[in-house]
Amino acid sequence: MKKAIISGLFGLVALLMNVTVYAAGDPGHEAMHEATHEVVEEFGTNEILHHISDDFGLHIGKLSIPLPVILYIPGEGWDVFSSNALHHADAHGLVHGKYLYHHGKLSVAKLDAEGHPMMDESGHPMEAMTEARLLNVGSDGVFYNFSVTKNVFGILLSFLILFLIFSTAAKGYKRREGKAPKGLQSFVEPLVVFVRDEIVKPSIGEKHYARFMPMMLSIFFFIWLNNLLGLIPFLGGLNVTGNIAVTFTLAVMVLAVQLVHGNKHFWGHIFWFPGVPVPVKLILLIIEFIGLFTKPFSLMIRLFANITAGHIIIMSIIGITFAYDAVVGHTVGVVTSLFSVAMFTLELLVAVIQAYIFTLLGSLMLGAAVEEHHHDASHEHAH
Amino acid sequence: MDLLNPSIGLVVWMTISFVILMFLLRKFAWKPILTGIKSREDRIEQALASAKEAEERMAQLQSDNEKLLVEARKERDQMLKDARDARERLIAEAKGEAKEEAGRMIQQAREAIKNEQARVMTDLRNEVARLSVDIAEKILREKLEEGGKHEAIVERSLQEIRMN
């Protein structure tokens with residue numbers, strides 16, 4: 001299905017380009033259409049999917065950096081090996097005699113008594129176990145993949161960068177106490193003040209905001225930095241914030257903090273809404289309870305979808321550059337290159353906007369949890 | 001759809017490393033940065049407040065100065081007026097005294113003149129008496145010498161005295 005969506009998107013952009021060429025009155029456009037379809041497969045769908053998905057090993061240009069593959073197979077235990085091994089499958093398509101690696105997807109092969117992989121009717125090796133994901137966790141036939149993948153590498157890299165930048169900037173406050181900020185400090189300070197004064201303080205309130213500052217600052221800069229890292233070409237195609245596991249974790253953390261800090265007022269509004277008749281209270285209970293989870297869910301989907309969509313569009317436009325370069329010539333390439341420059345500029349903006357929105361909506365969730373009981377009087381009247 | 005189904009391994013990695021990062025950043029970055037910013041903001045606010053206070057005090061001082069100046073000017077005017085009054089009074093007093101003195105001196109002079117006059121009169125009277133005696137003597141002597149002429153002499157002498 002995802003392939004269909006991406007080829008559809010890619011095809012749509014390609015079609016638009018075709019129309020332009022058709023309008024120019026090219027007689028050979030029928031043959032070109034065939035050729036375009038081939039390159040769409042080659043440059044487009046597969047490449048894009050590969051880019052936005054997680055991956056074993058890091059590919060910087062033509063350089064392939066191996067990363068550790070760490071697997072936990074229920075009933076067998078841990079298995080650790082280099083991701084380089086995945087590119088050296090044997091004649092049966094097996095890696096290390098028991099894993100299958102196909103199109104970036106690792107699975108445990110179904111072996112017969114002699115240790116050969118069992119094939120299905122169409123001649124493909126059969127899978128015994130697939131990777132555990134949130135929707136099938138704990139079920140039979142899954143193994144757990146704790147590998148340092150491309151995205152784990154991205155997470156660790158961004159953490160290192162964040163720690164270096166902000167701890168260095170923080171030293172300035174001790175070393176030059178009471179003086180005007182300087183260097184990295186003066187780069188960091190307006191951003192921190194922005195998060196404090198424009199996002200966290202107005203959403204949570206003067207009284208409680210300080211408690212949540214470290215978390216919201218970490219989230220803001222983590223998302224922003226990873227959005228930007230994802231835009232750097234040839235840096236291994238990092239797509240951390242465009243990965244649903246990452247946005248899921250961030251959203252769950254915000255939800256967890258919200259639930260832990262929720263006060264009486266907050267829970268009261270969810271389970272027994274004040275000031276309305278009992279039947280309405282029961283309806284609101286259901287709505288508010290669902291609402292408790294839809295907010296972090298939308299946080300998760302919003303960030304994931306925005307970043308992934310941005311990557312797909314940029315990759316599509318770049319793909320079209322190459323596709324048309326092969327089919328038509330260099331002229332279209334010039335135009336689509338300009339498109340990709342425009343998209344990159346837009347994505348730079350999206351990078352900070354998405355970080356801002358996630359932090360703002362997360363802060364509003366926390367703000368709702370710690371909001372003081374200042375509608376007391378009106379509730380009392382309503383009773 | 002793997003794209004929409006979070007990988008368990010990545011969730012675990014993300015959770016652990018993000019929690020660690022959050023604590024590390026809180027200790028080594030956010031706390032120093034936020035307290036640094038806060039204390040600087042406080043200091044700036046304090047400095048602004050004290051600047052405003054100083055300005056107010058300055059204005060207060062200036063208005064005090066002006067008030068003092070006005071008072072001083074008023075005092076000076078008062079003093080000048082007092083001095084003028086005193087001068088006038090002194091002059092008037094001096095004039096009065098002088099007049100009195102002059103009156104007294106005139107009085108004394110008058111008395112002296114009167115005394116002198118009285119003395120002169122006395123002297124004159126004495127002189128007259130002596131002259132009378134002299135005359136009488138002369139007459140007596142002539143009577144004695146010529147007999148009869150002395151009556152005319154007395155007559156004439158008396159005439160002269162009366163005329164005086």
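## Hairpins, sheet and interface in a predicted two-chain model

In the hairpin that S3(A) and S4(A) make, three residues lie between the strands, and Gly75(A) takes a positive phi near 90°. The model that holds this hairpin is predicted, and the predictor gives the complex an ipTM of 0.83 and a pTM of 0.75.

Strand S3 (residues 68-73) of chain A and S4(A) run antiparallel and are joined by six bridges, one pair being Leu71(A) with its bridge partner Asp79(A) in S4(A). Both strands belong to an open sheet of seven strands with mixed pairing, whose order in chain A is S4-S3-S9-S8-S7-S6-S5. Strand S4 (77-82) and strand S5 (94-95) of chain A stand at the edges of this sheet, and each has a single partner strand, so one side of each is left without a neighbour in the sheet. For S4(A), the burial count agrees with an open setting: of its six residues the number buried is zero, so the strand lies largely in the open.

S7(A) gives the opposite picture, since four of its five residues are buried and the strand is therefore largely enclosed by the rest of the structure. On one side, strand S6 (residues 99-102) of chain A is joined to S7(A) by four bridges in an antiparallel arrangement, with Leu100(A) standing opposite Ser107(A) in S7(A). S6(A) and S7(A) form a hairpin with two residues between them, and His103(A) in the turn has a positive phi of about 50°. Strand S7 (residues 105-109) of chain A also runs antiparallel to strand S8 (residues 127-131) of chain A, to which two bridges join it; here Ala109(A) has Glu127(A) in S8(A) as its bridge partner. The antiparallel pairs described above are set side by side in the table.

| Strand pair | Bridges | Residue pair |
|---|---|---|
| S3(A) and S4(A) | six | Leu71(A) and Asp79(A) |
| S6(A) and S7(A) | four | Leu100(A) and Ser107(A) |
| S7(A) and S8(A) | two | Ala109(A) and Glu127(A) |

Turning to the whole of chain A, the model has ten helices and nine strands in this chain, and buried residues make up 36% of its 383 residues. Among the contacts in chain A with a separation of 6 or more, 62% are between residues 24 or more positions apart. The domain assignment gives domain 1 (68-147) and domain 2 (152-382) of chain A, and the centres of these two domains, taken over C-alpha atoms, are separated by 35 Å.

Chain B is built from two helices and has zero strands. Whereas a compact globule of 164 residues would have a radius of gyration near 15 Å, chain B has 63 Å, and its C-alpha trace spans about 200 × 25 × 10 Å along the principal axes. Of the 164 residues of chain B, 9% count as buried. The average pLDDT of chain B is 88, and 95% of the residues score at least 70.

Which helix of chain B holds Lys74(B)? Lys74(B) lies in helix H1 (residues 8-145) of chain B. With 10 other C-beta atoms within 10 Å, where 12 or fewer count as exposed, Lys74(B) is exposed. Lys74(B) and Glu53(B) are 21 residues apart in sequence, and their C-alpha atoms are 31 Å apart in space.

The contact between the chains takes 45 residues from chain A and 32 residues from chain B. On the side of chain A that touches chain B, the elements that give two or more residues are strand S9 (142-145), helix H3 (150-175), helix H4 (184-204), helix H5 (209-231) and helix H6 (244-261). H3(A) provides the largest share of this side, with 13 residues. By residue class, the side of chain A that touches chain B divides into 29 nonpolar, ten polar and six charged residues. One of the contributing elements, S9(A), is also a member of the seven-strand sheet, where the order places S9(A) between S3(A) and S8(A).

Methods: Residues are numbered from 1 along each chain as its sequence is written. Chains are lettered from A and ligands numbered from 1 in the order in which they are written. This is a predicted model: local features need pLDDT of at least 70, side-chain atom pairs count only at pLDDT 80 or more; totals for chains, interfaces and linings use all residues. Domain bounds come from an automatic or database domain assignment. Two residues are in contact if their C-beta atoms, placed from the backbone, lie within 7 Å. Ala, Val, Leu, Ile, Met, Phe, Trp, Tyr, Cys and Pro count as nonpolar, Asp, Glu, Lys and Arg as charged, and the others, Gly among them, as polar. Two strands pair if DSSP finds at least two bridges between them. The radius of gyration is taken over C-alpha atoms; the globule rule is 2.2 Å times the number of residues to the power 0.38. A residue is buried if 20 or more other C-beta atoms lie within 10 Å of its own, exposed if 12 or fewer, and partly exposed in between; C-beta atoms are placed from the backbone. pLDDT is the predictor's confidence in each residue, from 0 to 100.
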